[in-house]
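Me: I would like to take a close look at how some helices in this structure pack against each other. Please go through it slowly, since I am new to this.

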Amino acid sequence: MKDYKNLLSPIKIGALTLRNRIESAPSNTGNGTFEGFFTPESVGYFELKAKGGAAIVTIGESNVHTKTGVAHGRMPCLDNPDILPSLIRTTDAIHRHGAFASIQLIHPGRRANKDYYSGTVYGPSAGEPLFAGPIVEMDEEVIEEVVDAFGDAAEMAKLGGCDMVMIHGAHGWLLHQFLSPLNNKRTDRFGGILENRARISLMVIDNIRKKCGFDFPIEFRLSGSEYVEGGLTIDDMVEFAKMIDGKVDIIHVSSCTFHNPATNTHMFPSAFHQKGINVPLAEAIKKAVKTPVAVVGGINDPDLMEDIISNGKADIVALGRPLLADPYLPKKLREKKIDDISPCLRCLVCLSGDFVPYIKYPIRSLKCSVNPIIGREQEAMTPRKTEKKKRVLVIGGGPAGMQAAITASDRGHEVILCEKSNSLGGTIKVIENISFKSDLKKFKDVLIKRVNERPIKVMLNTCVTKEIIEYLAPDTVVAAIGAEPIVPNIPGIDSKNVIMATEIGKRNDDIGEKVIVIGGGLMGCEEALNLAQKGKKVTVIEMRPDVVIDGAYLYREALLIQMAKWPIKIVTNTKCKAINDKGVIVLDKDGNEVQYGGDTIIVATGLRSKSYEVDSLRDYSIEFYNIGDSLKPRKVLDAVRSGYDIGTTI
């Protein structure tokens, strides 16, 4: 078994010795106070990452100067000394588990939002408003004030127990705006050549050193490339990295910019991107500097992490979403429990609430598709054993049923898990044939392994009836029997050329070269992309005005970008009228009949719960719960969460 000796080896960063090469990338919970102070919930969030074994736990976007710019509500406010008590509680919780505490220093510049402060919106150059405006060019007096604020914020962080700070010079925030020719049109000593555009960043570094000393490490986050025409390239950022080499203790490599929202799906890599998408950028910078280099972005595979470190591509891996999926990833690597790590699906559910443009107040509440405790970490810190052991029957071996069985067993209950098919997995088995869903298959295997490791009696090929329930005599029954496809009332729906989306894995050989997918929801569009990638010509028919409206916002963006690269035709505001041997007859938005030709028709018109089947199993004398898709068809996140919740309730 691989030992990950390079990834788990210590490294000296300034005056600190990190216990391994894994950094918890900067993130926040959204559940701070209105003033920007930390709550018990946010303390629990950061403590869990430290408890799981990360070497550095980084508190995300923290404001340095409220007077000249605030990006969003409830940001930690390092220009307010009243934050210190809650910051100290947070850093104490991190230190309790042997990790170092860091905090990210940010000024939004032209991305300031006046919903959250009453001052002027500043940028390196004047411009049209983004959230409010107009954007006013910073004069040198304001630049000096902001530089001083970065140093003061770092000093506040140090007083609050932080062991180091991260300067955010990436993603289109103020320091990046100065660096980027897309935003910086100045002609003075802060504009023009790269050396001038980098001047404010160097001033910030010097100000922090002056106030916090050389034994207080500084990490600088930069975008290795903006991936926008006319923007910063890797060559530019190699030169900038040389300028800060030796002045900071870690150079942290990310990519892209909010200046162009089209790069969002690259900044937060989805399942469609190569894992470790920023590694080539980090490698190029590492070759040019002596300062240790960290890299972030879609790194959810421990083998990739080890490869990055062992082959000298970077010195540290920064993990964001993978430590949501499994905060104990570092600890499990050290204990050689690799097969028990919940993989990040790169589904972007955790981040999407922050980015929906038509919601005035973003949903800054973290959830994770594979980790039901995210957003309520405090509960997970003190697991509760049951006071009364019960015999629990779980019906259905999908993600909801398996998670319910695992959680109930961990709490001390006797658990029987029945599954009508010959294997566990449920709905995940339907979509695991899709190449970009490989991490979901890994998660299914992790759940099965956890079931098999526990004293859970698994009964496959068992269709549960009332008679079986009576025979097994449980105290509690949990129904997790899943959902069934909605079969629309369309003439020809029973034709041989029609396949339900849930049956594709069993009928791959029956799929022709020209495919029509009826239903443009998440399932239909993912299958459309999957088939197109296999060489099929695909048409998606959707009744509503748009497709994938049930997908997480950032994932939807990424999926549509991918679909546009393949021979997929999307037809909206169109209703399917009939299916024949030539394809599908539809009614377009004007009520005209149109024939679309196809060899195979895939029906992806949604799922419905098996409520009748569930109700037939109920008995007034037995504690009974209905969870997962058999309660309401939703996503893996909801299935896992409902299974966990019932497991903790029984």
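Is the crossing of α7 and α9 right-handed or left-handed?

Reply: This is a predicted model, and in it the crossing of α7 and α9 is right-handed. Two packed helices are described by the angle between their axes and by the distance between those axes. Here the first helix, α7, covers residues 234-244, while α9 covers residues 279-286, and their axes come within 9 Å and cross at roughly 45 degrees. An angle counts as roughly parallel only when it is under 35 degrees, and as roughly perpendicular from 65 to 115 degrees, and α7 and α9 are therefore oblique to each other. On the α7 side, the contact is made by Ile234, Met237, Val238 and Ala241, and these meet Leu281, Ala284 and Ile285 of α9. Sorted by class, this contact between α7 and α9 has seven nonpolar residues, with no polar and no charged ones.

A second pair of helices can be read in the same manner. Helix α1, residues 40-51, packs with helix α2, residues 84-95, at an angle of about 20 degrees, and their axes lie 8 Å apart. With the cut-off for roughly parallel being under 35 degrees, α1 and α2 are therefore roughly parallel to each other. The crossing in which α1 passes α2 is right-handed. From α1, the residues in contact are Val43, Phe46, Glu47 and Ala50, and from α2 they are Arg89, Thr90, Ala93 and Ile94. By class, the contact of α1 with α2 has five nonpolar residues, one polar residue and two charged residues.

A helix can also be followed onto a sheet. Five strands form an open sheet with parallel pairing, in the order β18-β25-β19-β20-β21. At its edges stand β18 (498-500) and β21 (568-571), each with a single partner strand, so one side of each is left without a neighbour in the sheet. From one strand to the next, the twist averages 20 degrees. The edge strand β18 runs parallel to β25 (residues 600-603), and three bridges join the two; Ile499, for example, has Ile602 in β25 as its bridge partner. Helix α19, residues 522-533, packs on this sheet and touches β19 (514-518), β20 (537-541), β21 and β25, and the direction of α19 makes about 170 degrees with that of β20.

Methods. Residues are numbered from 1 along each chain as its sequence is written. This is a predicted model: local features need pLDDT of at least 70, side-chain atom pairs count only at pLDDT 80 or more; totals for chains, interfaces and linings use all residues. Side-chain values use heavy atoms; hydrogens and water are left out. Axes are lines fitted to C-alpha atoms, for helices over the stretch in contact, and angles run from 0 to 180 degrees between N-to-C directions. Helices (H or I, at least four residues) and strands (E, at least two) are DSSP runs, numbered from the N terminus. Angles under 35 degrees count as roughly parallel, over 145 as roughly antiparallel, 65 to 115 as roughly perpendicular and the rest as oblique. A crossing is left-handed if the near helix is turned anticlockwise from the far one by less than a right angle, and right-handed if clockwise. Contact means heavy atoms within 4.5 Å. Ala, Val, Leu, Ile, Met, Phe, Trp, Tyr, Cys and Pro count as nonpolar, Asp, Glu, Lys and Arg as charged, and the others, Gly among them, as polar. Two strands pair if DSSP finds at least two bridges between them.
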